[in-house]
Amino acid sequence: MRVLATCSNVSKSIDERLVIDSVSFEIPEGSTFALLGPNGAGKTTTIRLLTGLLTPDEGEISLFDSKINSENASTLRSNIGVQNDGNLYEELTIEENLSIWGKLYGLEGSVIGKRIGELLNLFDLEDRKKSKVSQLSKGMRQKVMVARAIIHHPRLLILDEPTTGLDPQSSETLMNYLKVLTEEEKMTVLFSTHILEGLETLASHIGILNKGKMLATGEIPDLLKQRWPDDQYSISSNNEQRVYEICSQYGVCEYDTIHNDTRVVVKAETMDMPDLINVLVKEGIEIDAAEKVQRTIKDYYFDTLVGKSDEH
Ligand SMILES: Nc1ncnc2c1ncn2[C@@H]1O[C@H](COP(=O)(O)OP(=O)(O)OP(=O)(O)O)[C@@H](O)[C@H]1O
């Protein structure tokens, strides 16, 4: 797959503090890339570096196969859409704001009208299109900022915590729309977020930043498979302690510190699940359920950050 953006060993200090520390990652074309990490991890700074608003102290950033430099930055930026791209015009209406940006991006009048209609509909802002931005709520402004970044259907859309301030329904609508943009419009999307629940249905790739370092990056199914190569089952029974003891004898049991329960890691070479269930039943244990554990990005995220909070 073609790579649309690359960060290679990028470092950046702000006020003599190293806030981005030799970060490398790739954004493949057509991907939906979620940038994750605790507060202050460096997500916004990475986004500002990618969009050319900040210059790396070390390392290289390439967009669309070209290394960003002071000469080509503005041309490259015309192919990206950025949510926090300057302020909105407070004394103009939503419609006027979007129209100005459509013109700036060189769209034809008829296309601008059509796109504005779609975006107002998407964000449930049709009845407010004649309202001045200064009269909008925080969440509504956020919607207009995101709409502005999308209006020209950029090749690469970059959104910094796009759902912050949005109500649950609007968040869901926006995230589903981003999926449509990647699938139908072949757009590539990078977004930062703190929302981990259900992320695997929205994102194809992730990068986890912590204290300026990229701890893990790649395609979600690959990362999950690398971290948990063996099938795991969660067994609920009338005697958890005994299950743990018996499974431990066979070397297939571990205590899951994230979920606080007993999980059986079934390694193909040791024992398969039906055999193990038989052993447990023969021992007089009543098994209520033995469910295969579906690992998620939330599990992966916390597993990656375990023990990292004190490092720097
Ligand atoms: N303009 C600035 N001046 C000084 N320090 C800054 C500036 N911008 C960012 N930093 C520092 O860089 C580090 C990374 O900040 P950044 O905003 O990139 O984190 P983030 O991952 O986006 O955090 P959050 O999830 O809280 O938005 C922080 O320690 C922050 O204090």
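Q: In this predicted model, what makes helix α3 (residues 94-104) and helix α5 roughly parallel to each other?
A: The axes of α3 and α5 come within 9 Å and cross at roughly 25°. Angles under 35 degrees count as roughly parallel. The two helices are therefore roughly parallel to each other.

Q: What is the hand of the crossing where α3 passes α5, and which residues make the contact?
A: The crossing of α3 past α5 is right-handed. On the α3 side the contact is made by I94, N97, L98 and W101, and on the α5 side by V144, A147 and R148. By class, this contact of α3 with α5 has 5 nonpolar residues, 1 polar and 1 charged.

Q: Why is α8 called oblique to α11?
A: Helix α8 (residues 220-227) packs against helix α11 (residues 297-305) at an angle of about 55°, with the axes 11 Å apart. Roughly parallel needs an angle under 35 degrees, and roughly perpendicular runs from 65 to 115. The value for this pair makes α8 oblique to α11.

Q: In which hand does α8 pass α11, and what classes of residue make the contact?
A: The crossing is left-handed. I220, L223, L224 and R227 of α8 meet I297, Y300 and D303 of α11. By class, the contact of α8 with α11 has 5 nonpolar, no polar and 2 charged residues.

Q: Why do β6 and β10 count as edge strands?
A: The open sheet of 6 strands has the order β6-β7-β8-β3-β9-β10, with mixed pairing. β6 (80-82) and β10 (213-219) each have a single partner strand, so one side of each is left without a neighbour in the sheet. Neighbouring strands of this sheet are turned by 15° against each other on average, direction ignored.

Q: How do you know that β7 and β8 pair?
A: A pair of strands needs at least two bridges. Strand β7 (residues 156-160) and strand β8 (residues 188-192) are joined by 5 bridges and run parallel. One of the partnerships is that of L156 with T188 in β8.

Q: Which helices pack on this sheet, and at what angles?
A: Helix α5 (residues 138-150) touches β6 and β7, and its direction makes about 165° with that of β7. Helix α6 (residues 168-184) touches β3 (32-36) and β8, with its direction at about 150° to that of β8.

Q: Why do β2 and β5 stand at the edges of their sheet?
A: This open sheet of 4 strands is ordered β2-β1-β4-β5, with antiparallel pairing. β2 (17-28) and β5 (66-67) have a single partner strand each, so each has one side without a neighbour in the sheet.

Q: How do you know that β1 and β4 pair in the antiparallel sense?
A: At least two bridges are required for a pair. Strand β1 (residues 3-14) and strand β4 (residues 58-63) pair in the antiparallel sense over 5 bridges. C7 has I61 as its bridge partner in β4.

Q: Which strands does α1 lie across, and how many residues does this helix give to the shell around the ligand?
A: α1 lies across β1, β2 and β4, running at about 65° to β2. Helix α1 (residues 43-50) gives the most to the shell around the ligand, with 3 residues.

Q: Which residues are around the ligand, and how do they divide by class?
A: The residues around the ligand are I14, D15, V19, G37, N39, G40, A41, G42, K43, T44 and T45. The shell divides into 3 nonpolar, 6 polar and 2 charged residues.

Terms used
Residues numbered from 1 in each chain as written. Predicted model: local features only at pLDDT ≥ 70, side-chain atom pairs only at ≥ 80, totals over all residues. Axes fitted to C-alpha atoms, helices over the stretch in contact; angles between N-to-C directions. Contact = placed C-beta atoms within 7 Å. Near = placed C-beta within 6 Å. Nonpolar A, V, L, I, M, F, W, Y, C, P; charged D, E, K, R; others polar. Parallel < 35°, antiparallel > 145°, perpendicular 65-115°, else oblique. Left-handed = near helix turned anticlockwise from the far one by under 90°.
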